[in-house]
Structure formats: C-alpha cells, structure tokens
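Please open the model in your viewer and keep the selection panel at hand, since the stops below are given as selections to make one after another.

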Protein chains: 2
Amino acid sequence: MALLVQKYGGTSVGSVERIEAVADRVLKHKQQGDDIVVVVSAMSGETNRLIELAKSVQNTPNEREMDVLLSTGEQVTIALLSMALMKRGLLAKSYTGSQVRITTDNAHGKARIESIDTEAMQADLAEGKVLVVAGFQGADAQGNITTLGRGGSDTTGVALAAALKADECQIYTDVDGVYTTDPRVVDSARRLEKITFEEMLEMASLGSKVLQIRSVEFAGKYQVPLRVLSSFIEGEGTLITTDGDENMEQPAVSGIAFNRDEAKLTLKGVPDIPGVASKILGPVSDANIEVDMIVQNVSVDGTTDFTFTVHRNDYEKAISVLKGVAESLEAKEVISNDKIAKVSIVGVGMRSHAGVASSMFKALADESINIQLISTSEIKVSVIIDEKYMELAVRALHSAFKLNEADAGVSEA
Amino acid sequence: MALLVQKYGGTSVGSVERIEAVADRVLKHKQQGDDIVVVVSAMSGETNRLIELAKSVQNTPNEREMDVLLSTGEQVTIALLSMALMKRGLLAKSYTGSQVRITTDNAHGKARIESIDTEAMQADLAEGKVLVVAGFQGADAQGNITTLGRGGSDTTGVALAAALKADECQIYTDVDGVYTTDPRVVDSARRLEKITFEEMLEMASLGSKVLQIRSVEFAGKYQVPLRVLSSFIEGEGTLITTDGDENMEQPAVSGIAFNRDEAKLTLKGVPDIPGVASKILGPVSDANIEVDMIVQNVSVDGTTDFTFTVHRNDYEKAISVLKGVAESLEAKEVISNDKIAKVSIVGVGMRSHAGVASSMFKALADESINIQLISTSEIKVSVIIDEKYMELAVRALHSAFKLNEADAGVSEA
C-alpha cells in the first residue's frame with residue numbers, strides 16, 4: 001500500500017465531465033489499496049476570468065486582495081471533486097490551503113511555502129479518506145490568504161508529498177510524459193521512462209513546459225519521486241528521480257530542449273578593463289531584467305565585445321538600458337537581435353562521456369547552421385542560432401544522438 | 001462619528017459597475033467621518049451557478065463540500081469591493097468568515113453563529129480601514145467552512161453590528177424601505193419611516209421579503225438599530241427599532257402582509273377526544289412538514305373538523321400523510337385546497353386599540369370576501385381567503401386602515 005499525491009491541473013479538471021474522470025481514476029487507485037491525496041488547480045479558464053474581473057475593477061489589483069480572489073478558483077474544484085468522490089462511495093474531504101495550514105511567507109502572488117501541518121491530514125488518511133487539497137494557495141502567519149504564483153499547484157503537490165513522506169508525487173497533465181524533444185517538431189521523439197531531477201531542471205528551464213522548475217527543484221531537494229502522466233491516456237508516464245539507481249550505461253544525451261523566448265544583445269568595443277562586466281550588467285539587473293547567457297569574447301586592441309541574452313519581453317527595455325551604458329562606457333555600438341533560438345542538449349551522461357559538445361557542433365555544421373553563442377554546464381550544452389533553423393537543428397540533433405532509439409547513447413555520434 | 005455596518009445584497013454587487021457604485025457610497029460615508037464595515041453577498045446569479053455546478057456532480061451535494069463551494073461566492077465579492085475602495089484612495093481590507101473568526105455550530109448550510117472575534121477588526125478600524133466582510137459564512141470550531149443559509153448575509157451584518165456595538169446596521173437592498181403593503185398591489189402603499197422589530201417580524205414571516213426573519217430577530221434581541229435602504233435610490237429608508245421611542249399615538253395597523261405560499265388541509269369528522277391533535281400533527285411533523293395555522297372547530301356529535309395550513313411545496317406530501325392519518329383515526333374525509341391566500345394586518349398599536357379585528361372583518365365583508373380561517377396574535381390578525389380575492393382584500397384593508405395617510409390610525413375605521 002503506497003501513499004500517492006496526485007496533482008491534476010486546470011485542463012484535467014476543466015469541466016464536470018473531466019472532474020468525474022479524475023474521480024474515476026482516484027477510485028481505481030484507491031481500490032488498488034493506495035492512500036491518495038489529490039491536489040487540484042482551478043478549472044481551466046477560471047483563473048483568467050478572475051484576473052480579468054479584478055483588472056476591470058483596479059488596473060493594478062492589490063496583491064493581497066488578488067490572492068483572496070484567485071484562491072476561490074481551486075476552492076471550487078476541491079468541493080466539486082470531493083462530491084464526485086463521495087458519489088462513488090469513497091470517503092472524501094476537501095482542504096483549502098489555509099485549512100491544511102500550508103504556511104507561507106507574505107509575498108502575495110508568489111509566496112513560498114514555509115511549513116505544512118500534516119497532523120489533520122494524517123488523521124483523515126488513517127480513517128481511509130481521500131483528501132482533496134487546493135493547490136497554489138496557502139496562508140501567511142497572520143492568516144492572510146496567499147498564492148504561490150502560476151503553476152504553484154505543482155509546488156503544492158510536491159511539498160505535500162515531501163511533508164507526508166509520500167511514495168510518489170504524480171503530476172497529471174495533458175502530455176503523457178517527458179519526451180526526448182517536442183513531438184510536434186520531431187516525429188520520432190520518444191517518451192523517456194526515467195529522467196533525473198537535474199536533467200528535468202535543465203529541460204524545464206530551457207523551455208520544455210511539462211513541469212514548473214520550482215516543483216522539480218523542490219522534488220529534487222526533498223528526494224520526492226515525481227511522475228509525469230497524462231490525465232487522458234493510460235500509461236506509465238515519466239519518472240523523475242535521483243540518478244542513483246540508473247543504468248551504468250547512461251546515454252550521454254537524454255533530450256533536446258529549445259525555445260524562441262530570448263533575444264540577444266551585444267555591446268561592441270568596450271574597454272577590456274576590470275569591472276566592465278558589472279558596469280554593463282548592473283544597470284540591466286537594476287531594471288529588473290533577467291539575463292540568461294553571458295559571453296565575453298577575447299580582447300582585441302584593448303577592447304572586447306560583450307554579449308548576453310534576455311527574455312524577448314524585456315528586449316526593448318534592455319536595448320534602451322544598454323544604449324545608456326554604451327554612452328557612459330564609450331563603447332562602439334549596440335547590436336541586437338530577437339530573431340534567435342536557443343537549442344540545448346541535456347543529459348547527466350555528459351559528465352562521463354567526452355566529445356558530446358563537439359558531436360553537437362558537428363551535427364549542426366553538417367546542416368550548415370551557424371552557431372552564434374555557446375554556453376555549457378555540467379549536463380547541458382546550449383547554442384544560440386538563427387531562429388529560422390531551430391526545427392532543423394532540433395531534428396538534426398535528435399537524430400545525431402539517436403534519441404529515437406530506446407537505448408540511445410552517444411558513443412557512435 | 002458613527003460606526004456603521006452596511007450590508008449589500010447580491011443585486012447591489014451584481015456587476016463590476018454596481019460594485020463601483022457601492023464603493024462610491026462607502027467613500028461618501030467615510031468622508032462624512034463614519035467608520036464602515038461592509039458585509040457583502042455573492043454577486044447575483046453566482047450562488048445559483050455554483051448550486052447548479054454541484055448538482056451536476058452529485059444529486060444531493062454533500063453539505064460540508066457545498067459550503068466550501070458556496071462560500072467562494074462572497075469571497076470573490078469581498079476581494080473586488082476592496083480593490084474598488086483602494087482605487088478610491090481608501091484603506092480597505094477583506095475578511096472571509098473564517099478570517100473574522102465568525103464561529104458557528106457545524107450545521108452545514110444553516111449554521112448558527114456562536115461567537116465573533118472582533119479583535120482584529122477593531123485594530124483595523126482604529127487604523128482607519130474600511131473592512132469588507134464576506135456575508136453568509138463562518139467556520140465551525142474545527143475550521144470547517146459553514147454557511148448560514150440563504151439570506152444569511154443579513155444575519156452576518158446584524159451579528160457584526162451587535163458584536164462591534166455599531167450605531168446602526170444598514171441593509172441595502174433593491175427596495176427603498178418597508179412599505180405599508182406591496183406597492184405593486186396597492187398604488188398608494190407608503191414607505192414607513194419607522195417600524196418595530198415585532199412588526200417587522202410579523203411582516204417578514206407573512207411574506208414581505210425585505211428582510212430575513214432571522215436577522216430581524218437577531219437585531220431585536222441585541223437591540224441593533226436596523227435600517228433598510230435602497231442601493232439605487234438615495235433616501236432615509238425605514239428604521240427598524242424598539243418601540244420605546246415611538247409616538248404615543250401609535251396607529252393601530254402599520255402594514256398589510258400577504259402571501260400565496262400556503263395550502264389548507266382539513267380532516268373532517270375526527271373523534272373529539274384528547275390527543276387527537278397530536279395524532280394528526282405528529283405524522284405531519286415526522287415528515288418534516290412545517291405547519292403554519294391550526295384551527296379546530298367545535299365538536300358536533302362527538303366529532304370535530306381539524307384544519308391546518310402548510311407551505312404549498314409540501315402540499316402533495318401533506319395530503320398523502322393525512323390520508324394515512326384519516327384511515328387510522330376513522331375520520332370522514334380529507335378536504336384540501338391550495339388555491340388560498342393569507343392576508344394579515346400587523347401593528348403593535350393593536351395592543352391598545354380595541355376592535356381592530358372586527359374592523360378587518362367588516363372591510364372584507366364589505367367586499368363580499370368570505371373568510372375561511374382566522375388566526376390572531378398580539379400584534380397581527382391573519383385570515384385565509386380564496387386566492388382570487390387576495391389583491392382586492394389587500395387594497396380594501398389598506399384603505400380601511402388609512403395606510404396611505406402619513407398619520408394613519410384606526411380610530412375612524
């Protein structure tokens with residue numbers, strides 16, 4: 001008998017019919033003898049409806065009141081799902097975030113969980129009840145309702161699994177697992193049976209939107225086995241876990257991530273003197289612009305070129321900040337480009353396999369794709385290329401690293 | 001500087017525009033120097049939408065979960081109204097029932113308030129904040145969300161006014177006060193400036209749907225001055241208060257109430273022996289049917305006729321219960337009629353004026369309206385008549401007791 005925390009997102013509970021389907025699935029697991037804690041989001045569309053309502057009242061809605069408003073979305077779902085479970089003869093009980101006592105800090109709209117009181121839940125589980133908990137929400141020490149920000153229901157699921165020492169946290173979503181890359185781009189993309197937390201983090205941060213980064217970090221930190229499954233298709237999904245029990249023959253590359261969310265800015269001809277990087281990035285950071293990749297080329301004639309990428313939403317703002325910086329540093333010029341894409345190979349196996357990066361560059365060169373920037377970490381290599389080559393690059397890399405084969409490895413690549 | 005509790009019902013907060021109008025009104029009162037606690041209902045239509053949603057999941061929705069679901073309605077309103085108040089430069093803060101600590105018993109769907117913690121509210125009022133409280137809801141001692149039943153927002157308003165020792169509890173609604181009778185039936189119906197709690201109770205229980213009976217009882221018990229006003233039209237409304245400060249020359253009749261909600265059942269020829277009334281009404285009460293008027297005629301030849309009225313919704317059920325009773329009591333027959341109306345005159349002045357009832361019967365006789373049943377209390381006389389004469393009877397009585405005149409009295413009637 002296992003204790004499972006199952007999290008269902010907005011699409012999975014988007015209508016009464018879907019809520020009934022979730023209840024059927026919970027019933028099946030319960031009949032198999034498992035204890036179940038269900039975490040649910042607001043019905044799809046509801047959060048946006050509430051945000052629109054708030055904005056029609058106050059342009060920039062007060063954050064405390066916004067949380068009071070938004071938290072009603074999940075509260076509706078927990079009541080309806082509990083009713084659906086009881087209709088099936090199960091004992092069920094709903095919990096709002098406040099009722100669980102998910103205590104958070106008071107950063108409304110992006111609160112962080114500080115503690116979870118499991119006493120009441122443990123007692124209810126012992127009585128055989130299915131618990132239905134509102135995701136995405138908690139309360140601060142003064143009892144003010146807080147929300148964890150969008151996608152916070154995943155965080156609630158993982159945090160509850162950690163606090164309850166659950167055997168697995170199952171995230172039900174509209175995809176049936178984590179793929180070697182996006183199947184819409186590469187036909188032969190393959191579902192991974194297992195992936196490590198680190199790989200999943202890189203995949204998530206690089207644009208594979210299956211899971212929220214925060215929830216993966218959280219699961220990794222507390223060693224909660226995390227499984228991504230489809231609410232609509234039966235299957236084993238993908239298990240995200242530590243790499244301790246992995247095969248020795250780990251393939252070098254587990255997946256290809258990509259996104260078109262970034263823009264690139266270069267400051268040409270800046271004096272190559274100590275402190276120049278912070279003189280450039282200080283004002284950018286002061287303007288609340290997050291920087292992703294940073295590359296500084298070698299110096300020629302005492303000046304250098306400094307390049308970084310930002311989210312495309314911050315592109316215009318970053319250009320205007322950088323123009324001010326260029327003037328004060330007497331830099332030659334600002335070059336910018338938002339028609340770029342980032343493509344990355346990710347895999348813990350890279351640690352023990354040499355030549356993965358060069359295989360990547362060769363595969364891109366074979367397709368005559370020019371690499372504009374390179375950035376590496378222990379388990380990933382990212383390149384910036386012209387966005388028009390993005391799909392081609394992803395397909396070429398997927399094939400070069402033989403990701404369509406179940407026992408893919410890099411040895412031949 | 002007064003402390004006012006203002007309660008706005010579902011129609012008054014039925015759209016963003018109406019919420020803005022409420023905020024304008026609160027701003028005006030606040031600028032006049034008053035401290036304000038606002039109690040709001042769910043936006044009109046929202047409660048019904050949630051009930052439908054629940055019923056589409058579970059035919060008879062679980063009562064605990066129903067309260068979790070329904071309480072979201074007011075929670076949306078408190079957030080939106082707080083935002084609208086802040087937009088106007090006011091300090092505002094929302095409170096759910098749980099956050100106030102409106103502690104109730106655990107009778108989900110019809111909970112009764114046991115205590116209200118005013119400490120946090122008092123502190124916020126001292127800081128000049130407008131408090132926006134969700135009506136209709138509380139939490140039991142275990143933290144389960146409860147609701148007070150439909151119309152419970154009035155009860156919340158009165159209870160808060162009592163707990164905070166407010167100067168007045170103002171109930172904003174879609175009518176501009178309490179009338180001598182329904183203006184849709186009698187053109188010359190007149191708004192009352194004052195009415196006593198007792199009169200209001202009789203008016204409310206007899207079908208004048210301006211206020212919930214419970215909230216009037218509550219206000220009377222705690223001597224909270226209650227004022228009914230329109231959210232849409234400026235005016236003084238009607239003040240409901242104790243009769244201590246009334247004019248000596250109290251008119252005998254303050255208003256005419258009426259309804260078509262009842263049905264009449266008669267058991268003919270039952271043995272006139274002790275215990276027969278309880279043998280008839282016991283099974284009726286066991287079937288959860290509430291009985292209003294009860295009349296037993298004098299005995300003829302050792303048998304008597306026993307008549308009572310029930311709500312029309314219970315009519316069919318009552319007939320079937322009564323048929324069983326008739327058999328066991330060997331009664332002659334069951335006669336029933338749901339085409340009846342109840343018309344009542346109400347007024348504390350009746351206590352000191354003789355002949356009010358006979359004036360009533362004369363006014364009805366002058367219109368050839370036959371009286372089927374009569375029931376009296378200290379401050380009201382009710383009759384059952386054929387429903388087709390209802391409007392005629394109301395107009396005749398309104399005129400007979402000169403209720404269209406501001407200093408109406410019964411002396412001439």
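Begin by selecting B:Asn288, which is exposed at a relative accessible area of 67% (exposed means over 50%, buried under 20% and partly exposed in between, with a 1.4 Å probe and protein chains only). This residue sits in the loop between α9 (276–286) and β15 (291–296) of chain B, where helices (H or I, at least four residues) and strands (E, at least two) are DSSP runs numbered from the N terminus. Its phi is near 65°, a positive value in a residue other than glycine.

Before moving on, note that this is a predicted model, in which local features need pLDDT of at least 70 and side-chain atom pairs count only at pLDDT 80 or more, while totals for chains, interfaces and linings use all residues. Residues are numbered from 1 along each chain as its sequence is written, chains are lettered from A and ligands numbered from 1 in the order in which they are written, and side-chain values use heavy atoms, with hydrogens and water left out.

Next, select A:Lys165 in the loop between α6 and β9 (168–173) of chain A. Here too the residue is not a glycine, yet phi is positive, at about 55°, and with 70% relative accessibility A:Lys165 counts as exposed.

Now turn to the interior and select A:Leu226, which, leaving aside neighbours within four places in sequence, is in contact with residues including A:Val158, A:Phe197, A:Leu211 and A:Ile240 (contact means heavy atoms within 4.5 Å). A:Leu226 is listed with A:Val37, A:Met121 and A:Leu211 as having the most contacts inside the largest nonpolar core, a set of 41 residues; such a core consists of buried Ala, Val, Leu, Ile, Met, Phe, Trp, Tyr and Cys residues joined through side-chain atoms within 4.5 Å. Helix α6 (residues 152–163) of chain A gives this core its largest share, five residues.

Finally, display both chains and select the interface, where 37 residues of chain A are in contact with 36 residues of chain B. The two chains bury about 3000 Å² between them, 64% of it on carbon and sulfur atoms, buried area being the accessible area (1.4 Å probe) that two parts lose on being put together, summed over both. On the chain A side, highlight A:Val57, A:Glu65 and A:Met83, which lose the most area to chain B and together make up 23% of what that side buries.
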